[in-house]
Amino acid sequence: MTPMSLSCDGIVSRARAAFETTPAALDGLAREFTAQMASGLAGAGGSLKMLRTFTRQPTGRESGRIVVVDWGGTKGRVGLVALSGDGSARVVNEDVFTFSDGDKQGTAARVFDVVAAAIGRVVAAHPPADYPLGFVYSFPARLERIDRAIALALTKGWSVVDLEGQDVVALLTEALRRRELSRVTVTAVGNDTVATLAQQSYRARGADHRARPADVGLILGTGTNQAADLGTAGIRNLESGNFDGVAALETRYDAALDRELVDPKPGAQRLEKMASGRYLGELLRRVVVDAARDGPAFRGLAGSAFATPFAVDSEHLSRIAADGTPERKDVETLLRELGATAEREEREALRELSSVIVRRAARLVAAALLGTLRFIDPALAEGRTIAVDGSLWGGYPGFESLVRETFVELVGRERTDRIDTIFAKDSTSTGAAVIAAAS
Ligand code: BGC
């Protein structure tokens with residue numbers, strides 16, 4: 001044993017212990033989640049907002065050409081989607097654009113002007129026509145109608161100065177007017193989780209009208225959230241990223257991250273801060289910086305991206321996990337890109353640390369999903385469908401298996417086999433069109 005390998009082993013085993021989530025703890029979390037769903041619905045408080053969506057389950061027969069807008073991250077997307085009424089959909093035209101840091105901290109009018117410009121580009125490519133528009137707004141919002149959504153505090157590092165309290169549909173409509181795009185009418189607004197759920201139901205029921213609609217829509221990318229069909233309470237946007245039951249399982253890294261961030265404020269988005277793509281790289285960075293302080297390992301990371309908050313992201317974690325080379329050459333290449341160097345043992349340790357952090361994220365998400373499924377069906381007796389989108393679920397090797405293994409640990413193989421998890425990349429555009437056509 002060299003001093004370096006001893007140091008690396010110690011770092012990994014301490015992290016393993018800190019990020020450990022026992023089945024008993026996860027079961028407690030799932031039960032707390034179910035209880036908070038009930039209190040959120042009853043208006044009795046708790047961290048789950050259980051927001052109304054005014055969206056009905058699609059029949060699968062929705063059709064038409066619909067403009068869609070997807071705003072919820074650094075990349076925005078506008079498209080023209082054709083729904084054929086049989087569960088299939090085609091993106092006829094699409095414009096993907098990037099919001100600047102200035103947009104993220106600027107005024108609402110500035111953001112909506114960027115969006116309206118993209119809408120202008122998309123419709124200009126087709127003969128003049130009247131278009132309905134489905135708007136996916138992937139932040140918390142209190143809907144009052146299918147076409148009226150009052151913005152609540154933003155998440156994922158956005159802090160548009162004058163947005164909170166305003167109706168995002170009215171703001172988009174004003175921006176369309178400023179661009180003289182009066183033939184485009186915003187007819188529906190919905191969260192991305194609702195769009196993912198609606199898209200899955202549309203696809204399944206369009207292909208076979210007896211097919212079950214999706215029960216849950218999950219996004220696990222930069223942020224995380226769930227929507228669920230709660231029967232008489234309708235389809236709800238849980239804003240599950242805000243679930244605070246996870247505080248019971250926090251490590252000192254989670255506690256420090258939560259305390260030090262201004263946006264979202266301390267105490268807010270606790271599950272998201274422990275489980276979503278925006279934060280996992282930052283957690284790894286903090287663990288590594290901490291380890292470098294007290295031993296010989298990770299000294300070559302000083303002065304690299306590892307010194308800058310949020311410079312390590314979940315795409316990096318996915319690349320680290322995907323490295324199957326015995327010498328961890330791909331990790332070496334990645335570290336070089338990030339301005340760092342590390343010995344073989346350190347690269348191995350980095351892989352282990354990253355897997356410890358992502359594994360915990362998958363287990364927390366699994367517990368939250370079980371919380372929702374048990375609310376719908378306490379005995380988990382029926383088949384259920386979870387529709388999923390997002391870069392962490394879709395991009396991190398083996399993520400889905402980590403979630404499903406956790407289901408097995410918590411509720412056994414038989415019940416797990418009744419839960420379908422269906423990943424659909426870029427499902428939100430189709431979902432936006434479906435929501436607009438179904439409303
Ligand atoms: C937002 C949710 C959204 C999720 C996934 C969260 O930060 O609060 O509204 O669904 O990110 O995009």
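This passage describes a ligand site, a helix pair and one strand residue in a predicted model.

The ligand is surrounded by 15 residues. The closest are Thr155, Asn191, Asp192, Glu239 and Glu272. Side chains supply several polar atoms close to ligand oxygens, as the following distances show. For Asp192, a side-chain N or O atom is 2.6 Å from an oxygen atom of the ligand. For Thr155, the corresponding distance from a side-chain N or O atom to a ligand oxygen is 2.8 Å. Asn225 also takes part: a polar atom of its side chain lies 3.1 Å from an oxygen atom of the ligand.

Helix α9 spans residues 277-294, and helix α10 spans residues 314-322. The two helices pack with their axes 7 Å apart. The angle between them is about 65°. Angles of 65 to 115 degrees count as roughly perpendicular, so α9 and α10 are roughly perpendicular to each other. On the α9 side, the contact is made by Gly277, Leu280, Gly281 and Leu284. On the α10 side, Ser314, Leu317 and Ile320 contribute. Four residues of this contact are nonpolar and three are polar. None is charged.

Thr385 belongs to strand β12, which covers residues 384-389. The relative accessible area of Thr385 is 9%. Buried means under 20%, so Thr385 is buried. Beyond its neighbours within four places in sequence, Thr385 is in contact with Gln200, Ala214, Asp215 and Val216. Asp420 and Ile422 are also in contact with Thr385.

Note on methods. Residues numbered from 1 in each chain as written. Predicted model: local features only at pLDDT ≥ 70, side-chain atom pairs only at ≥ 80, totals over all residues. Heavy atoms only, no water. Helix = DSSP H or I, 4+ residues; strand = E, 2+ residues; numbered from the N terminus. Buried < 20%, exposed > 50% of the residue type's maximum accessible area, 1.4 Å probe, protein only. Contact = heavy atoms within 4.5 Å. Axes fitted to C-alpha atoms, helices over the stretch in contact; angles between N-to-C directions. Parallel < 35°, antiparallel > 145°, perpendicular 65-115°, else oblique. Nonpolar A, V, L, I, M, F, W, Y, C, P; charged D, E, K, R; others polar. Near = heavy atom within 4 Å. Polar contact = N/O pair within 3.5 Å; in protein donor to acceptor, adjacent residues only side chain to side chain.
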